[in-house]
Every structure is written in structure tokens, then in C-alpha cells.
Amino acid sequence: MKYKYEKVFPEGGAVRVAGSAGFCFGVRRATERVEAAVRAEGPGDRLLTLGKLIHNDSYISRLSDAGVGVISESDIPRVAAESETGSGDTYVFIRAHGVTRETEAALADAAKKYPHFHYIDCTCPYVKKIHRIAEENSGGGNSFILIGSADHPEVRGIMSYFNGRKNAYATSDELLTALENEKMDKSVKCAQIVVAQTTQNTAEWKKSLKIIERLCTNAIIFDTICNVTEVRQLEAEKLGRMCDLMIVIGGQDSSNTSKLAAVSRSVCKDTVRIANAEELDGIIPNAHLKVGIVAGASTPDDIIEEVFKTMSETKIDKVEIEGENFDEMLNSAFKTLNTGDTVTGTVIAISDQEMKLDLGAKVTGILTADQT
Ligand code: F3S
């Protein structure tokens, strides 16, 4: 397994960061577009993201410091109208999760109506692909089954592209209950179009597919779980099996981080979820422990590095006494003696052959009988 960062301690412990931890392709693409716009911003320009660009509050506050605001879908008409009165242009960024078809239409209409209003679509191409599947398979009596969280923005966006009966199920249990209650009519020829949220847990997806194969009459299955998600979940599982403690870094509202935490917890019961290094609170480095670190797709690299640095700190096994380093105290408590120094010592042992003296140094003085 490849690691992004690794520190192995002679005491047997180690701190290892999963190789793929950090921004995924879709999130990196979206953040790079917004950052490029910040660099190119002209006088009077307004930069806005539709919802938080990524699920990471530290990153969002950095964007806010750079003048990038956050708006919601209901703000679009007002912001578009304001673009006419300002001295620059207004740019609205769609984040990697994508938006509903209606929202995209509202943005397109506003851009047509107001020449100083623009929108930049940063929807991840993998999510766009699911929009297309939903759109192209709409109608004809088909129904749409999505394995994912109905209230997630990505899922709301995907569902909006399908015309017809559609349902999202967060778990295979939910799906099973729904399909059993539905009592499929085997004579009906229309298809059940099945897709997954890009960040769906792969184990849940596989369980769901078994249920669909058993209960659906004419299922057409599209495996739309993003490869990034699969790789990260596999890494979390492998690392979790090897470690005493797992740290999962990501925003509390990040769906892929929640799934990584669940995978990790299933193999390593000491799994903690944090948003940044400050939340390590009480978790201290230990050179005897094997610690694994994984991170959600919207966790910036500097946050991962900070957690790694904190956990791999090497001054961990030295004994601290009243805030001082024990080794330093030990060294400073003794004098260094050089050849020719005249010293005063305390006799600590006498025998027929020698006399031992405490010289207040790292060594004990020994005078043989013929030297006394
Ligand atoms: Fe896209 Fe996959 Fe990331 S769907 S946003 S590359 S997790």
C-alpha cells in the first residue's frame, strides 16, 4: 500500500497517511477554477459560489478572506439583477456536486438577460455523467432507483434530471423494504434504471444490487460509484485493519468522509473523526501505537499535513518533569571533568584495594590503595 506520508518509530509504532488522502479530481478542479478567478479578479468584480464550494470550513473561510461569497439558489435572481448596477462582472460557480436542472436553467436565463452575470459550471464530470444517464433514460414508463442519500445536493441534482417515478434509498435495508412492499408486476416491461450516489459505500451498493437482481423485473444497472471513493474506502479498510487508532479527517457535512469513517470503524473500533488538527484534542502522539490517517475528498493538503505532523511528533517518550526535559536535567545536574582539574569529592566506599568518591560528575572517582 502506498502512503502519502509515513513515520515509523523504533518503538514499534507508526503514523501513516493513506496515499490518496486529500482533494479528489473533481474537488481539485473546482477549487483551481475559483482560485484562478480570484487571481484574475478585476475591479468591481464579484465572485460567488452556489453553496459552499467544498465541505471544509477552514477552506471556505480562506475563500471568504479572498472575497469569495456564498449564495443560495434563491439568491440567483437578486444577484443577477445587481450585476447590472455594479462596476464589474459577477461570476457564480457551481460546485462539484452539481445542481438541479431547474437551477441550471435559472442561471442560464439570468446570464442571457444580464450581460455582466456569468456562471461557471464546476460540476464534476462523473456527476454530469449520471445527469445524462437520468435524462436519457427518462420516460417510457421507466422508473429510477438511486442508492444514496435523498437529501444530499448531488442526489437532488441527479433526481431532477429524471422524468418519471424515482426514489433514492440510503441503505440496502430501505431498498428491500420498499421493493417488497411494491410487489413488482412481472408483466410490466418498463425498465428500472439503477444508479448510485458517487460516494456510496461499495458494500451497501453490492448488497443493493443483489436485492435488485432478485426483485426487479427489468433492471438496467449503471455502476456510478466514483473510482476515487472506492479506492479511498479500500485504503481505509486496509489501513484500519493494521492500526490501533484511525483518524478520519473531513468536514462534518462531508458525505464521503462519513462513509470513510464508517468503513474505518467497521475494522478499527478506535476511529475518530475530526475536521482539523485542533480537534485532535486529547489524542496525543504515542510511538508504540500504529496510527492510520485517511481524509475525505474535500480535505485540503495542509490540514492533512498538520494532523500528520502533530501525530508523528518524536519527542513523545521522554519523561517530562515539571515542564523540563528529563535528559537535560540529568545532564545539567552533573559537572563535566577534564584531565588536570582539582575537585572535591565525598567518600562513598572504602575497601582494602580502593576508595570510591562521589565527585558530583557523571563518573565516580576511584583511588587505588597505592594512590592514597
Ligand atoms: Fe467527482 Fe469523485 Fe470527487 S465524483 S467530486 S472525483 S469523489
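This note covers two helix pairs in a predicted model.

1. The pair formed by helix α7 (residues 172–182) and helix α8 (residues 202–215) has axes that come within 9 Å and cross at roughly 15°. Because angles under 35 degrees count as roughly parallel, α7 and α8 are therefore described as roughly parallel to each other, and the crossing in which α7 passes α8 is right-handed.

2. On the α7 side, the residues that meet α8 are Ser172, Leu175, Leu176, Leu179 and Glu180, while α8 brings Glu204, Lys207, Ser208, Ile211, Ile212, Arg214 and Leu215 to the contact. Divided by class, the residues of the contact of α7 with α8 are 6 nonpolar, 2 polar and 4 charged.

3. Further along the chain, helix α9 (residues 227–242) packs with helix α10 (residues 255–267) at an angle of about 30°, and the axes of these helices lie 8 Å apart. With the cut-off for roughly parallel set at angles under 35 degrees, α9 and α10 are therefore also roughly parallel to each other, and α9 passes α10 in a crossing that is right-handed.

4. In this second pair, α9 contributes Arg232, Gln233, Ala236, Glu237, Gly240 and Arg241, and the residues they meet in α10 are Lys259, Leu260, Val263, Ser264 and Val267. The contact of α9 with α10 holds 4 nonpolar, 3 polar and 4 charged residues.

Definitions and conventions
Residues are numbered from 1 along each chain as its sequence is written. This is a predicted model: local features need pLDDT of at least 70, side-chain atom pairs count only at pLDDT 80 or more; totals for chains, interfaces and linings use all residues. Side-chain values use heavy atoms; hydrogens and water are left out. Axes are lines fitted to C-alpha atoms, for helices over the stretch in contact, and angles run from 0 to 180 degrees between N-to-C directions. Helices (H or I, at least four residues) and strands (E, at least two) are DSSP runs, numbered from the N terminus. Angles under 35 degrees count as roughly parallel, over 145 as roughly antiparallel, 65 to 115 as roughly perpendicular and the rest as oblique. A crossing is left-handed if the near helix is turned anticlockwise from the far one by less than a right angle, and right-handed if clockwise. Contact means heavy atoms within 4.5 Å. Ala, Val, Leu, Ile, Met, Phe, Trp, Tyr, Cys and Pro count as nonpolar, Asp, Glu, Lys and Arg as charged, and the others, Gly among them, as polar.
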